[in-house]
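Me: Hey, can you walk me through this structure? I'd like to start with a side chain or two and then go over the charged pairs.

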Amino acid sequence: MLKSTAQEIPMFVGTYTNKGSQGIYLYMFDSETGDAVLYAATAAQDPSFLARSEDGNMLYAVREQDAETAEVAAYTFDGDLLSFVNSQPTGGGAPCHVVVGRKHPLALVSNYGGGSLAVFKLDDNGALGERIQLIQQEGQGPDSDRQEASHVHSAFFTADEKRVFVQDLGADRVTIYRVSHERDQYKLVEETVIATPPGGGPRHLILDQAEKNCYVLLEMKAQIARYRKEKDDWKLVDTVSINADGFAGENGAAEIKFSPDYKFVYASNRGEANSIALFEVGKSGELLKKEVYAVEGKEPRNFNISPDGKFLLVANQGTDDIVVFRRDLNSGELEDTGKKIEVSTPVCIIF
């Protein structure tokens, strides 16, 4: 039985399993020291991206494989171990992202290979119910190698969950959907489209607390495009690089997140940069680059900040480790603790 103290919290890691990983790993993370102790492993195939219900009792994982075997799975978490509940086909290849509603019983899965968004109704017990929508996107971008077709990479609810922002790397666009809810029936209804810079490849997105500024991470250009809401439209204000000055290598931006207090933004870049950038958020929402840190590994994929904001952990997919940075709550600055969690091909970290 898992024994924890007030400073020890569960931390889940999603992985690819082609190099020997078992699947989903559960650690106990010490929020005072930054230490992590492996507690359990749950067998699963390529559970690359994870999401957790607000009450913490359910975990959802994509099975990032081809269209014939791609699934999203639901697990219960009793504070001790994960238990498989059920799974559903996602309707498209290479599902790479899943998000679950806090107010609505919905799970949204982004099919990168299929260029579609799968919408699932959740049962009262958190199990995956029927797929109620499969929204196929169509489009291309100027990069014929990466943007030959739509590649849906992520979906995020607004805070009130009245809308969903969906990022299409292949078509250089963000589509905003309204969440329609009538007589217990749910449907995403397309509302507007934001065109992102050509060849940028929108991957993930964050909104500020007032939801007046939208920050889109462009994977292929390693930039953050900032949009400001003006009435019903979103206007591009500026773009900033997440690289150190003078960097001219290959890009592969992966993750963007606000600090818990919304004063700072962090973004990771794989490619040849292997870095994480720190920005301070200005009064009007502009991003002021403060520092670019080496991640002490390769292919920094997803990263996450501990709930108390004291640590930032980076999943280095290419070097099979998670690097633990201590985070200054006032300045946002990072300091390498020298601690590494050895795990095969880590992709996603959630608390």
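Reply: Sure, one term up front: buried means under 20% relative accessible area, exposed means over 50%, and partly exposed is in between (1.4 Å probe, protein chains only). Also, this is a predicted model, where local features need pLDDT of at least 70, side-chain atom pairs count only at pLDDT 80 or more, and totals for chains, interfaces and linings use all residues. Residues are numbered from 1 along each chain as its sequence is written, and side-chain values use heavy atoms, with hydrogens and water left out.

Me: OK, serine 180: buried or exposed?

Reply: Serine 180 counts as buried because its relative accessibility is 14%.

Me: Where is serine 180 found?

Reply: In strand 14. Strands (E, at least two residues) and helices (H or I, at least four) are DSSP runs, numbered from the N terminus.

Me: And what does serine 180 touch?

Reply: Leaving out residues up to four places away in sequence, Gln185, Tyr186, Lys187 and Val189. Contact here means heavy atoms within 4.5 Å.

Me: How far apart in space are serine 180 and valine 193?

Reply: 18 Å, C-alpha to C-alpha, with their positions 13 residues apart in sequence.

Me: Switching to charges. How many salt bridges?

Reply: The count comes to 14 salt bridges. The rule is a side-chain nitrogen of Lys or Arg within 4 Å of a carboxyl oxygen of Asp or Glu.

Me: Which residue does lysine 121 pair with?

Reply: Aspartate 184, and their closest N and O atoms are 3.5 Å apart. That pair links distant parts of the chain, 63 residues apart: lysine 121 sits in strand 10 (residues 116-122), while aspartate 184 is in the loop between strand 14 (173-182) and strand 15 (185-195). Lysine 121 is buried at 17%, whereas aspartate 184 is partly exposed at 48%.

Me: What about aspartate 238 and arginine 226?

Reply: Their side chains meet in a salt bridge, 3.1 Å from N to O. Aspartate 238 is in strand 19 (residues 233-241) and arginine 226 in strand 18 (residues 223-230), twelve residues apart. Arginine 226 counts as buried because its relative accessible area is 5%, and aspartate 238 is partly exposed at 27%.

Me: Which residue does glutamate 71 bridge to?

Reply: Arginine 63, with the closest N and O atoms 3.4 Å apart. Glutamate 71 is partly exposed at 24%, and arginine 63 is partly exposed at 22%.

Me: Last one: which residues are linked in a network?

Reply: Arg146, Arg203, Glu219 and Arg270 are linked by salt bridges in a network.
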